[in-house]
Amino acid sequence: MKISISWYLKSLRRYVDFNGRASREEFWWFWAINLLMFIVFQMLPSPLGLLYFIGVLLPSAAVTVRRLHDTNRSGLWALPMITIIGSVIPFYFALQEGQDVANQYGVNTKMFFW
């Protein structure tokens, strides 16, 4: 579990960093923990869920753009996520393996964990 939280915290630390690449682990652990936290906050009788959603909006966009970069795609592919149906396209791309070599967005993220 420590590794998954590390990936989540890494994404939060890079909350407005739309440059570079994000591995599948970083992307999916961030979204899994994000979903879990949102569900927990929704069960509480307070506006914490809305505050949490607003607080992770930028980090969610940033990690999605970096994940698209890892598959050598432009971050503009994240724009369809504005709609629920449009989310299918970026999530499909996020399932794909990143490039093993450096691309125009940076070096291979599988070799690094910071």
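This passage goes through the salt bridges of a predicted model and how buried their partners are.

Side chains of opposite charge can pair when their charged atoms come close. Here, the count comes to five salt bridges. One of them joins Arg14 and Asp17, with 2.9 Å from N to O. The two partners don't sit in the same burial class: Arg14, at 14% relative accessibility, falls under the 20% cut-off and so counts as buried, whereas Asp17, at 25%, lies between the 20% and 50% limits and therefore counts as partly exposed.

Moving on to Arg21, its side chain meets that of Asp70 in a salt bridge, at 2.7 Å from N to O. This pair ties together distant parts of the chain, 49 residues apart: Arg21 belongs to the loop between helix H1 (2-13) and helix H2 (24-43), while Asp70 belongs to helix H4 (residues 57-70). Both Arg21 and Asp70 are buried.

Glu26 and Arg66 make another salt bridge, their closest N and O atoms being 2.8 Å apart. Again the link runs between distant parts of the chain, this time from Glu26 in helix H2 to Arg66 in helix H4, 40 residues apart. Glu26 has a relative accessible area of just 1%, so it counts as buried, and Arg66 is buried too, with a value of 0%. This pair doesn't stand alone, either: Lys10 joins Glu26 and Arg66 in a network of salt bridges.

Technical notes: Residues numbered from 1 in each chain as written. Predicted model: local features only at pLDDT ≥ 70, side-chain atom pairs only at ≥ 80, totals over all residues. Heavy atoms only, no water. Salt bridge = Lys/Arg side-chain N within 4 Å of Asp/Glu carboxyl O. Buried < 20%, exposed > 50% of the residue type's maximum accessible area, 1.4 Å probe, protein only. Helix = DSSP H or I, 4+ residues; strand = E, 2+ residues; numbered from the N terminus.
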